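Biologist: I should like to learn how to read a protein model. May we go through one together, feature by feature?

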Amino acid sequence: MSEQGTFLGEQPGIVAERTSGVIVRLVRAAIIEGRLEPGQSLREEQLAKELGTSRTPVREALIQLRNEGLVEGAPNRPAIVRSYSAAELLDIYRLRAQLEGFAARVAAERGGPELVRKLDASNDRFHALTEHEDDAADLIAENISFHALIAEAAAIRQLDAMINQVMAIPARYRAFGAYQADTRTIVEEHHRAITEAIRIGDGDAAQAAMAEHVLWTGEVAVTAQEAFERDAAASA
């Protein structure tokens, strides 16, 4: 981390009783949003200085982030933002397919008309956004909202926590290619298929449609990472 710049943004002094939790949230967001990049060192003293706190809660926060898989490093060594290989990404998306597929199954059984109304509205917003070339960020946000509606409707707190954890990967590894002009309609088709299965209360179909969607998204992310690794090896 640069001594001159900051990655977490301007922060007031952190209240002691919630220090480590706040640090976890701030660093997690910086990693997921790409302000802290894979392989970047996270030095306790620099983070403590930037956040106006002691090193102890920073150390505690980094331990939690290690447990979440966002940072790595041996004890008594500086933590670094974790990097993921294409093979590791494939495993993550396979796990996501299982977790979110189950959430869709339960949502089909428990959701009801109100969930369907919200999913239809999300699909309509997504469709409107597909017509604008420069709205990839809005499409991604709408996609996240769609998935969150289903996880919330499943109403299984532990499942929701596991989905959130497995989805928390650095920005470099996300499937941005799924929201390009030539592929974004596939996302919409997948979302509408999931919605239709939930509408009729078909848990099997909802689970299968969600798993297919997540695995397809994973293929996009893995293909991009494989290309990145080839380019990196060629330039080494």
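**Reading the core and the helices**

Modeller: Let us begin with one residue, Ile-198, in this predicted model. Leaving aside residues up to four places away in sequence, Ile-198 touches Ala-104, Ala-107, Ala-108, Leu-115, Val-116, Leu-119, Ile-150 and Ala-206.

Biologist: Which residues touch the most other members of the largest nonpolar core?

Modeller: They are Leu-89, Ile-150 and Ile-198, in a core of 46 residues. At least two residues of this core come from each of α4, α5, α6, α7, α8 and α9. Helix α4 gives the most, with 11 residues. A second core, separate from this one, has 21 residues and includes Val-22, Val-27, Ala-30 and Ala-48.

Biologist: How many helices and strands does the chain have, and in what pattern do they follow one another?

Modeller: The chain has 9 helices and 3 strands. Along the sequence they read α-β-α-α-β-β-α-α-α-α-α-α.

Biologist: What should I look for in a single helix, such as α6?

Modeller: A general idea helps first. An α-helix has 3.6 residues a turn, so residues three or four places apart point the same way. Here, α6 covers residues 136-154, which is 19 residues. From its first C-alpha to its last, α6 reaches 28 Å, close to the 27 Å expected at 1.5 Å a residue. Its buried residues include Leu-139, Glu-142, Asn-143, Phe-146, His-147 and Ile-150.

Biologist: Which elements do the buried residues of α6 pack against?

Modeller: They pack against α4 (86-110), α5 (112-130), α7 (157-167), α8 (184-199) and α9 (203-235).

Biologist: What is notable about phi just after α6?

Modeller: The general rule comes first. Most residues other than glycine have a negative phi, and most peptide bonds are trans. Ala-155, however, has a positive phi near 60° and is a residue other than glycine. Ala-155 lies in the loop between α6 and α7. With 57% relative accessibility, Ala-155 counts as exposed, because the cut-off for that word is over 50%. A positive phi is also found just after α2, where Gly-52 takes a value of about 70°.

Biologist: How many residues of α2 are buried?

Modeller: Helix α2 (residues 44-51) is mostly covered, with 6 of its 8 residues buried. These are Glu-44, Gln-46, Leu-47, Ala-48, Glu-50 and Leu-51. Ala-48 also belongs to the second core. The buried residues of α2 pack against α1, β1 and α3 (55-68).

Biologist: How should I read the strands?

Modeller: Strands of a sheet pair through backbone hydrogen bonds, either parallel or antiparallel. In this model, 3 strands form an open sheet in the order β1-β3-β2, and the pairing is antiparallel. Both β1 (41-42) and β2 (71-72) stand at the edges with a single partner strand each, so one side of each is left without a neighbour in the sheet. Strand β2 is joined by 2 bridges to β3 (residues 79-81). Within that pair, Val-71 stands opposite Val-81.

Biologist: Are Gln-225 and Ala-205 buried, partly exposed or exposed, and what are their relative accessibilities?

Modeller: Gln-225 is found in helix α9. It counts as buried, because its relative accessibility is 5% and the cut-off is under 20%. Not counting residues up to four places away in sequence, Gln-225 touches Tyr-84, Ser-85, Ala-86, Leu-89, Arg-172 and Tyr-173. Ala-205 is also found in α9, but at 31% relative accessibility Ala-205 counts as partly exposed. Ala-205 and Gly-101 are 104 residues apart in sequence, and their C-alpha atoms are 9.6 Å apart in space.

Biologist: What can be said of the chain as a whole?

Modeller: The radius of gyration is 19 Å, which agrees with the value near 18 Å for a compact globule of 236 residues. Along its principal axes, the C-alpha trace spans about 55 × 50 × 30 Å. Buried residues make up 44% of the chain. Of the contacts between residues at least 6 apart in sequence, 75% join residues at least 24 apart.

Biologist: What is the mean pLDDT of the chain, and which elements have the lowest and the highest mean?

Modeller: The chain has a mean pLDDT of 86, and 90% of its residues reach 70 or more. Among the elements, helix α1 (residues 19-32) has the lowest mean pLDDT, 86, and α8 the highest, 96. Over residues 13-17 the pLDDT is below 50, and this stretch has 5 contacts in the model beyond near neighbours in sequence.

Technical notes. Residues numbered from 1 in each chain as written. Predicted model: local features only at pLDDT ≥ 70, side-chain atom pairs only at ≥ 80, totals over all residues. Heavy atoms only, no water. Helix = DSSP H or I, 4+ residues; strand = E, 2+ residues; numbered from the N terminus. Expected span 1.5 Å × (residues − 1). Buried < 20%, exposed > 50% of the residue type's maximum accessible area, 1.4 Å probe, protein only. Contact = heavy atoms within 4.5 Å. pLDDT = per-residue confidence, 0-100. Pairing = 2+ DSSP bridges. Core = buried A, V, L, I, M, F, W, Y, C linked by side-chain atoms within 4.5 Å. Rg over C-alpha atoms; globule rule 2.2 N^0.38 Å.
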